[in-house]
Each structure stands twice: as structure tokens, then as C-alpha cells.
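This report describes selected features of a predicted model. The topics are a sheet, a metal site and the cysteines.

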Amino acid sequence: MNLQQTWPEPIVRVQSLSNSGITAIPKQYIKPSSSRPSLAQPARDVHIPVVDLSNLVSADPSLRDETLSLVLRACREWGFFQVVNHGVEHALMGRAREIWREFFYLPMEVKQCYANSPVTYEGYGSRLGVEKGIKLDWNDYFFLHYLPVSLRDEKTWPTLPLSCREVLAEYSNELVKLSEKLMKAFSVNLGLEENYLQKAFGGEEVAACMRVNFYPKCPQPDLTLGLSPHSDPGGLTILLPDGHVSGLQVRQGDDWVTVKPVPNAFVVNVGDQLQVLSNARYKSVEHRVIVNSAKERLSLAFFYNPNGNILIEPAKELIKEDQPPLYPPMTFNDYRLFIRTRGPCGKSQVESLKSPR
Ligand code: OGA
Ligand code: NI
């Protein structure tokens, strides 16, 4: 399966649509009634766990174990949690948000210089999936690679605002460190050696990329979604949500739980590759984004992924006679072609891989 070189339809920037003052959204954005968000539904007072990571490296083993078990519970019960005392400076988080907001406020002709194509997805985009006629989501984004270094192409990163590349490098570097910390915790919680998952992701050749999401105001937020339900295809995701506007919803059974961001926290979630490696001890969880008519929303999603060329399969150490491997080996490059072709489709991909039993 090869991706085509160009988008199947002319690209429309959602931000331009929003700024044009339309009162009705174009039909490509209107979801079938069963997929629309029910915005009127009273928000349930349920929240994803918040985990304080400060004791993850404590010299006191009991404090460390306590944090590890909170992480384990959050992974198993939710697949999503917020982290505080994560080691990333709050001022840097603020600067990262700020430069990206400035980027999206640049004149359209400046942003168009970074317009992306479905070949690599790098750059300024407004669509996920190349199939003609698919429903579109109410967002624009910027996608870039940070690791491995061989894939990092700073020429594709914005030159404006002036500090963009510098802040981006500093922020990504810190997020790599946080990802490494979480990967150790995830390994130990599976009963594996602490560097197990890092090695399985390719060690030094691990991949990391970022998707900055911009969700403009929407005149009919009850008919569409900022991002359709999906599980993240990669390893783990560290999201810096908007500081003021909520929108991320996590599936819990038949319900959608709105994440209420804690100040200065990151939202962490397990992706499909950790579901595969852990032989479904960890599960990636479906999530989506709702939009609103009053405020735009900005989020920075940092994806820590296996190197694209390495075969990912359930860890041999977790396979028992009564726990056979649930997934066949596959490289992440092959795996991610699915979402890049069809767009976000819930958890259908990882579920479809499951070997029949
Ligand atoms: C994503 C994602 C959530 C958000 O980019 O994969 O799920 O709140 N983003 O923007
Ligand atoms: Ni996601």
C-alpha cells in the first residue's frame, strides 16, 4: 500500500472557514447523527486519574512503588491520565503554547509555505486520510518529526515566530526525557526490565513526532467533531492541552468523559503499539475532540513511537501457554498507513489485527 502524492480534494483551511463568518458548516464536516457529540448532555463528574510523578525516582522504594502502582492502575483502568511534577518547566510549556498560537495567527500566505502532502504529512495540514469523500474534522494542524535525527528536517519547521525552532527543540528534548521516564515505569509495571520497552522501540533509534492541533471556533459544534474518535497508533502520547478551553473526551464504556485539564499538567495516553507489545495488558483508549462556538482551542500532542522499520510484536516474556500472542508482528511504518489512508476510525485497526482464537 503506497500513499498517493497529493490530496484527493482541494484543501480548505478550517481557520479560514471559521474566520469567514459562515453560520452553517459545509457538508463534509457534518457527521452522521450517531457520531455527533451530545453537547447538551450534563457532564458526568468523572475524571481521569491525576498522578504526581515526583516520587518516580525517589530513593525510598516504597514511595517509588506507590507511584508505579498509581501509573499501573491508570493505564489499566483508563489508558489515560494526567501527570503533575513531571519535570518539565512550566514556563517552557507556556512558551511552546505561545509560539504555536502565534504561528496559527500568521497570515495564511505565510502558513501556506508549509502546506503538507500525504507523502510524509510533515507541515501545515487540514486533513487526515486520503480517501476521497471522507468526512473531515474541524481542525488544522502542524506535523513534524523530532526523532530519529535522520528524520528530523528543521527546514520543514516554521521560521516564524522567530524563536519557534529554538523553543520547539527545547520543548521536544524535555518531552523525550519525560517519555523515557514513563517508558521505564510502563516496563517495570509489566514485570519487564526497565529498559525493555525503550529497546523494543529501537533504543537510540526511537521515533518522536509532534502534531500541533488548532481547533477554530465552530458555528455548529453539535454537528461535527474537532477530531473524530481514534486511538493513537504509536507508543505513548503526551498532550499539552489548551490551558483555558476543554475539548478532549475519553471513551469509557458507552460514555465520553471530558478531560478537565489540571494547571501545568500533561495528559498521557497509551497508544496501539504499547497495546501490541504488552499483549493487551495495556489498552489504547479511544478519544475524540469536541469544538465550540465561543473559543478556539490549541493543543500540542507529542508522540513517542517505535522506530518505523522495526517489527513490533507482543513481548516474548509475556506470552504463556494460556496467553498466546494476540497480534502478528508489524512495523510501525506499515501500521500507520491505515490511519493515514482512512483517517481516524476508532479502534478498528488494532482490533482487526487480533488473531482469531
Ligand atoms: C491527537 C489527539 C487531542 C487534543 O492529536 O491525537 O488526540 O486534545 N489530540 O487535541
Ligand atoms: Ni489522539
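## Sheet

In this predicted model, an open sheet is formed by 4 strands in the order S6-S11-S8-S9, with antiparallel pairing. Strands S6 (227-230) and S9 (255-258) stand at the edges with a single partner strand each, so one side of each is left without a neighbour in the sheet. From one strand to the next, the twist averages 25°.

Strand S6 pairs with strand S11 (residues 287-289) over 2 bridges, in the antiparallel sense. Within this part of the sheet, His-230 stands opposite His-287 in S11.

## Nickel site

The nickel ion (ligand 2) has as its protein donors His-230 (NE2), Asp-232 (OD) and His-287 (NE2), which lie 2.1 Å from the ion. Along the chain, these donors follow the spacing H-x1-D-x54-H. The pair formed by His-230 in strand S6 and His-287 in strand S11 links distant parts of the chain, 57 residues apart. Both His-230 and His-287 are buried.

## Cysteines

The count of disulfides in the model is 0, the criterion being a pair of cysteine sulfur atoms within 2.5 Å. For Cys-75, the closest cysteine sulfur belongs to Cys-209 and is 20 Å away, which is too far for a bond. Cys-113 is likewise in no disulfide, as the nearest cysteine sulfur, that of Cys-164, is 14 Å away.

Cys-75 has a relative accessible area of 2% and is therefore classed as buried. Cys-113, with a relative accessible area of 63%, is exposed.

Notes: Residues are numbered from 1 along each chain as its sequence is written. Chains are lettered from A and ligands numbered from 1 in the order in which they are written. This is a predicted model: local features need pLDDT of at least 70, side-chain atom pairs count only at pLDDT 80 or more; totals for chains, interfaces and linings use all residues. Side-chain values use heavy atoms; hydrogens and water are left out. Two strands pair if DSSP finds at least two bridges between them. Axes are lines fitted to C-alpha atoms, for helices over the stretch in contact, and angles run from 0 to 180 degrees between N-to-C directions. Donors are N, O and S atoms within 2.8 Å of the metal (3.2 Å for Na, K and Ca); water is not among the atoms, so sites may look incomplete. Buried means under 20% relative accessible area, exposed over 50%, partly exposed in between (1.4 Å probe, protein chains only).
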